[in-house]
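Here are some short exercises to work through with the model open beside you. Try each one before you read its solution.

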Amino acid sequence: MSEAAAQIALGVVVRAGRFLVQPRTGDPALSGLWELPGGKIEPGEDPRAALAREVAEETGLTVRVGELVAALCHRYPDRRVVLWAYRCEPVGGEAPEWARWVRPGAYLDMPIPEANGPIARVLERAPP
């Protein structure tokens with residue numbers, strides 16, 4: 001029996017036509033890649049509430065979570081993930097200096113997790 005896919009909420013935190021990305025840490029398989037802030041949705045947790053919590057924990061930003069931008073399933077060699085990417089508006093705090101605000105096309109040129117490629121292409125077609 002295969003393990004259930006991890007449910008992950010990602011934030012497209014938008015400011016002045018750019019969105020926030022951060023370097024991936026902790027997971028050796030994805031270390032050094034640039035990702036959207038967010039994280040695991042706990043069982044029974046509302047995805048939007050999970051996203052607001054994760055963005056605050058990771059970046060110190062308070063965000064207002066808006067509409068769903070993209071949803072997809074992706075299989076890595078060792079696991080499956082379901083990603084839910086929501087547009088977010090920063091409403092408090094400051095982004096950490098190690099994070100970057102990027103345009104959609106620039107994000108596609110960065111080293112990013114495989115699963116984020118389709119999300120970046122959606123953002124390129126319909127910029128934040």
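The exercises below deal with two helices, one residue and a pocket in this predicted model.

**Exercise 1.** Work out whether the end-to-end distance of helix α1 (residues 47–59) agrees with the expected span.

*Solution.* Start with the length: α1 has 13 residues. At 1.5 Å a residue, taken over one less than the number of residues, the helix should span 18 Å. Now compare this with the model, where the end C-alpha atoms of α1 are 18 Å apart, so the two agree.

**Exercise 2.** Find the buried residues of α1, and say how they are placed around the axis and what they pack against.

*Solution.* First, apply the cut-off: buried means under 20% relative accessible area. In α1 this picks out A50, L51, E54, V55 and T59. These residues cover an arc of only 125° around the axis, which puts them on the same side of α1. A general rule helps here: an α-helix has 3.6 residues a turn, so residues three or four places apart point the same way. Last, look at the partners: the buried residues of α1 pack against β1, β2 (18–23), β4, β5 and β6.

**Exercise 3.** Do the same for helix α3 (residues 116–125), starting from its buried residues.

*Solution.* The buried residues of α3 are N116, G117, I119, A120 and L123. Their arc around the axis is only 160°, which places them on the same side of α3. Among the elements that cover them are β1, β2, β3 (34–35), β5, β6 and α2 (104–108).

**Exercise 4.** Describe the surroundings of A120, a residue of helix α3.

*Solution.* Begin with exposure: A120 has a relative accessible area of 0%, so this residue is buried. Next, list the contacts: leaving out residues up to four places away in sequence, A120 touches P104, Y107 and L108. Finally, take a distance: A120 and E67 are 53 residues apart in sequence, and their C-alpha atoms are 16 Å apart in space.

**Exercise 5.** Characterise the largest pocket by its volume, its lining and the strands that supply it.

*Solution.* The volume of the largest pocket is about 480 Å³. Its lining has 26 residues, of which A6, I8, R24, R79 and V81 are the closest to the centre. By type, the lining divides into twelve nonpolar, four polar and ten charged residues. Now turn to the strands: β1 (6–15), β4 (38–40), β5 (62–76) and β6 (79–92) each supply at least two lining residues. The largest share, four residues, comes from β6.

Terms used: Residues are numbered from 1 along each chain as its sequence is written. This is a predicted model: local features need pLDDT of at least 70, side-chain atom pairs count only at pLDDT 80 or more; totals for chains, interfaces and linings use all residues. Side-chain values use heavy atoms; hydrogens and water are left out. On a 1 Å grid over the protein atoms alone, a cavity is a set of points where a 1.4 Å probe fits but cannot get out, and a pocket is an open set with protein on both sides within 12 Å along at least five of seven lines; lining residues have an atom within 4 Å of a point. Grid points are joined across faces, edges and corners, and a volume is the space filled by probe spheres set on the points. Ala, Val, Leu, Ile, Met, Phe, Trp, Tyr, Cys and Pro count as nonpolar, Asp, Glu, Lys and Arg as charged, and the others, Gly among them, as polar. Buried means under 20% relative accessible area, exposed over 50%, partly exposed in between (1.4 Å probe, protein chains only). The arc is that of the directions from the helix axis to the C-beta atoms. Contact means heavy atoms within 4.5 Å.
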